[in-house]
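Notebook open, model loaded. I'm jotting down what I look up as I go.

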Amino acid sequence: MCSDGTDTPAQLLAQARRAGLNVVGLTDHDTTAGWQDAAAAVPTAGVALVRGAEISCRHAGKSIHLLGYLFDPADAELTQMFARARADRHTRAERLVANLAADYALTWQDVVEHTAPGATIGRPHIADALVARGHFASREECFAEVLHPASPYYVSHWAPAPADAVAAVRRAGGVPVLAHPFAASRGPRLARETIADMVAAGLFGLEVNHRDHDAAAQALAAEVADEFGLAVFGGSDYHGTGKPNQLGENWTAPDVFARLAAEGRVEVVQP
Ligand code: AMP
């Protein structure tokens, strides 16, 4: 709930327990606002916690998501990067709403009412407001109809170059992992050169197992991981009720988790 998931950090931990997980990652978009509440919920949930963030990056017009895990949350460079991204996301959301308001009854106040205080704002909040107004049935439908990047209403936001974000996560003592690199629904395929640049900057791993990867995308991701010597991750990309993704539908092998925990500057919170 510190970005576009619908659970609070404590609810996420409780859900992880129900799903039978022994470790869960928390990666809100461009913020560490949920770290404290999530850590406080660990003893009750009895599930270990890997704290991180999902950093929105862009290269050649393509949006690329980088998972940064176990970095120093007080690191000045990352803190500034997140603050800049969040501020620009806010302006971008206002512009997107203004564009939509030309054709749909929708106000900025509607969107504010669907955004938890202090949360990193994104298109899902606008989708929730559109659904509440009765324009569409679900977040999915909003994305398919009016919120996709080729939509005439779409506005992009500032985002760092992926290799710069990888380097910044490393400088902050964190472990950078490329999220769902070959998701077909996310536009043109990510170029190998872009991944190579990220590897040169210190990329640790990439998500192979993710619901947005079909069998061919999974095979390609596994091949790229092998080629560049990257650790193989699985992720659910759980967003509460905001997406159909279920906690535990994909997971990361224990040996990769152990390497991740050893490389991060910040400890895994143990129950
Ligand atoms: P933004 O941060 O504004 O670019 O929006 C990206 C967020 O929207 C990510 O958290 C995605 O998981 C979410 N998202 C993308 N496509 C969909 C969809 N079809 N349904 C629900 N959420 C989506």
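**Backbone oddities, a helix, the ligand and the cores**

I started with His-180, which counts as buried at 5% relative accessibility. Worth remembering while reading on: this is a predicted model.

I looked up where His-180 sits, and found it in the loop between strand E4 (175-178) and helix H8 (192-201). I then checked its backbone: phi of His-180 is near 25 degrees, a positive value in a residue other than glycine. That caught my eye because most residues other than glycine have a negative phi.

Next I pulled up Ala-60, another non-glycine with a positive phi, of about 50 degrees. Ala-60 belongs to the loop between strand E2 (48-59) and strand E3 (62-69). Buried or exposed, I wondered about Ala-60? Ala-60 is exposed, with a relative accessible area of 77%. His-180, by contrast, is buried.

**Helix H6**

I listed the buried residues of helix H6 (residues 139-147) and got Arg-139, Cys-142, Val-146 and Leu-147. Looking down the axis of H6, I see these buried residues fall within an arc of 65 degrees, so they line one face of the helix. On the other side of H6, I noted Glu-140 and Ala-144 as exposed. The spacing fits the textbook picture: an α-helix has 3.6 residues a turn, so residues three or four places apart point the same way. What covers the buried residues of H6, I asked? The cover includes helix H3 (76-101) and helix H5 (123-132).

**Ligand**

I counted 13 residues around the ligand, of which Asp-4, His-29, Arg-92, Arg-123 and Lys-243 come nearest. Then I went through some polar distances to ligand oxygen atoms. Lys-243 has a side-chain N or O atom 2.6 Å from one. For a polar side-chain atom of Asp-4 I read 2.7 Å, and for an N or O atom in the Arg-89 side chain 2.9 Å. Taken alone the ligand exposes 500 Å², and the protein buries 88% of that.

**Cores**

My last stop was the nonpolar interior. The largest nonpolar core has 59 residues, and Leu-13, Leu-49, Leu-66 and Tyr-69 have the most contacts inside it. Apart from that core lies another, of 17 residues, including Leu-106, Ala-127, Leu-130 and Val-146. I had already met Val-146 among the buried residues of H6.

I picked Leu-66 for a closer look, leaving aside its neighbours within four places in sequence. Its contacts include Ala-53, Ile-55, Val-166, Val-169, Leu-178 and Met-198. Glu-54 is also one of the contacts of Leu-66.

How values were computed
Residues are numbered from 1 along each chain as its sequence is written. This is a predicted model: local features need pLDDT of at least 70, side-chain atom pairs count only at pLDDT 80 or more; totals for chains, interfaces and linings use all residues. Side-chain values use heavy atoms; hydrogens and water are left out. Helices (H or I, at least four residues) and strands (E, at least two) are DSSP runs, numbered from the N terminus. Buried means under 20% relative accessible area, exposed over 50%, partly exposed in between (1.4 Å probe, protein chains only). The arc is that of the directions from the helix axis to the C-beta atoms. Contact means heavy atoms within 4.5 Å. A residue is near a molecule or strand if one of its heavy atoms lies within 4 Å of it. A polar contact is a pair of N or O atoms within 3.5 Å; within protein, one must be able to donate a hydrogen and the other to accept it, and residues adjacent in sequence count only if both atoms are side-chain atoms. Accessible areas come from the Shrake-Rupley method with a 1.4 Å probe; for residues, only the protein chains shown count as cover. A nonpolar core is a set of buried Ala, Val, Leu, Ile, Met, Phe, Trp, Tyr and Cys residues joined through side-chain atoms within 4.5 Å.
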